[in-house]
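Grab a coffee and work through a few exercises on one protein chain. Try each task by yourself before reading its solution.

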Amino acid sequence: MTPLRFSRAAMGTTITLKGIPNHLYERLKLAAKAHHRSLNSEVIACLERQLSPTVVSADERLARARAIRARLGSVELQVKDISTAVRSGRA
């Protein structure tokens, strides 16, 4: 595993990542090369992409909900089924 050290001089923030599996490190290097970025810039781009909120319009949310309902068909969900699903998702 290869530790990485990143620094953002403009913001005065430094972060050290330890225990990065070699396969992930190699994927980061390949992605950085493919996007013509430094390894540091690639990691920041990945973090921003993952952690930045995405704005979804009310119409898009409604369309997604309707699509899910259409896939479910006439399945009726019981409260106990929903509770079981929620509990299993927390395990």
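The exercises below go from the overall fold to salt bridges and then to the surface, and the model they use is a predicted one.

**Exercise 1. Get your bearings**

Task: work out which helices and strands the chain has and in what order, then find where the predictor is least and most confident.

Solution:
- Step 1. Count the elements: there are 4 helices and 2 strands.
- Step 2. Put them in order along the sequence, and you get β-β-α-α-α-α.
- Step 3. Look at the confidence for the whole chain: the mean pLDDT is 85, with 86% of the residues at 70 or more.
- Step 4. Go element by element. Strand β1 (residues 4-8) has the lowest mean pLDDT, 62, while helix α1 (residues 22-34) has the highest, 94.

**Exercise 2. One salt bridge, two environments**

Task: find the partner of Arg 37 in a salt bridge, and decide for each of the two residues whether it is buried, partly exposed or exposed.

Solution:
- Step 1. Recall the principle: side chains of opposite charge can pair when their charged atoms come close.
- Step 2. Check the distance. The side chains of Arg 37 and Glu 42 are 2.8 Å apart, N to O, and the cut-off for a salt bridge is 4 Å, so this pair counts.
- Step 3. Take Arg 37: its relative accessible area is 33%, which makes it partly exposed.
- Step 4. Take Glu 42: its relative accessible area is 1%. Buried means under 20%, so Glu 42 is buried.
- Step 5. Place Glu 42 in the fold. Glu 42 sits in helix α2 (residues 39-51), and leaving out residues up to four places away in sequence, it touches Leu 28, Ala 31, Ala 32, His 35 and Arg 37.

**Exercise 3. Two more pairs**

Task: a search of the whole structure turns up 4 salt bridges; describe the ones made by Glu 60 and by Lys 80.

Solution:
- Step 1. Start with Glu 60, which pairs with Arg 64; their closest N and O atoms are 2.9 Å apart.
- Step 2. Ask how the two are spaced. Both are in helix α3 (residues 58-72), and because they are 4 residues apart there, about one helical turn separates them.
- Step 3. Check exposure: Glu 60 is partly exposed at 35%, and Arg 64 is partly exposed at 47%.
- Step 4. Move to Lys 80, whose side chain meets that of Asp 81 at 3.8 Å, N to O.
- Step 5. Lys 80 has 60% relative accessibility and counts as exposed, whereas Asp 81, at 36%, is partly exposed.

**Exercise 4. A greasy spot on the outside**

Task: find which residues make the nonpolar surface patch, and which helices supply them.

Solution:
- Step 1. List the members: Ile 68, Leu 72, Val 75, Leu 77, Ile 82 and Val 86 make a patch of about 510 Å².
- Step 2. Map them onto the fold. α3 and α4 (79-89) each supply at least two residues of the patch.
- Step 3. Place Val 75, which lies in the loop between α3 and α4.
- Step 4. Put the patch in context: the chain exposes about 7,900 Å² altogether, with carbon and sulfur atoms supplying 57% of it.

**Exercise 5. The chain as a whole**

Task: state what share of the residues is buried, and what share of contacts links residues 24 or more positions apart.

Solution:
- Step 1. Of the 91 residues in the chain, 13% are buried.
- Step 2. Among contacts with a separation of 6 or more, 16% are between residues 24 or more positions apart.

Key:
Residues are numbered from 1 along each chain as its sequence is written. This is a predicted model: local features need pLDDT of at least 70, side-chain atom pairs count only at pLDDT 80 or more; totals for chains, interfaces and linings use all residues. Side-chain values use heavy atoms; hydrogens and water are left out. Buried means under 20% relative accessible area, exposed over 50%, partly exposed in between (1.4 Å probe, protein chains only). Patches are made of residues with over 30% relative accessible area and no salt bridge: like charges are joined within 9 Å, nonpolar side chains (Val, Leu, Ile, Met, Phe, Trp, Tyr) within 5 Å. Accessible areas come from the Shrake-Rupley method with a 1.4 Å probe; for residues, only the protein chains shown count as cover. Contact means heavy atoms within 4.5 Å. pLDDT is the predictor's confidence in each residue, from 0 to 100.
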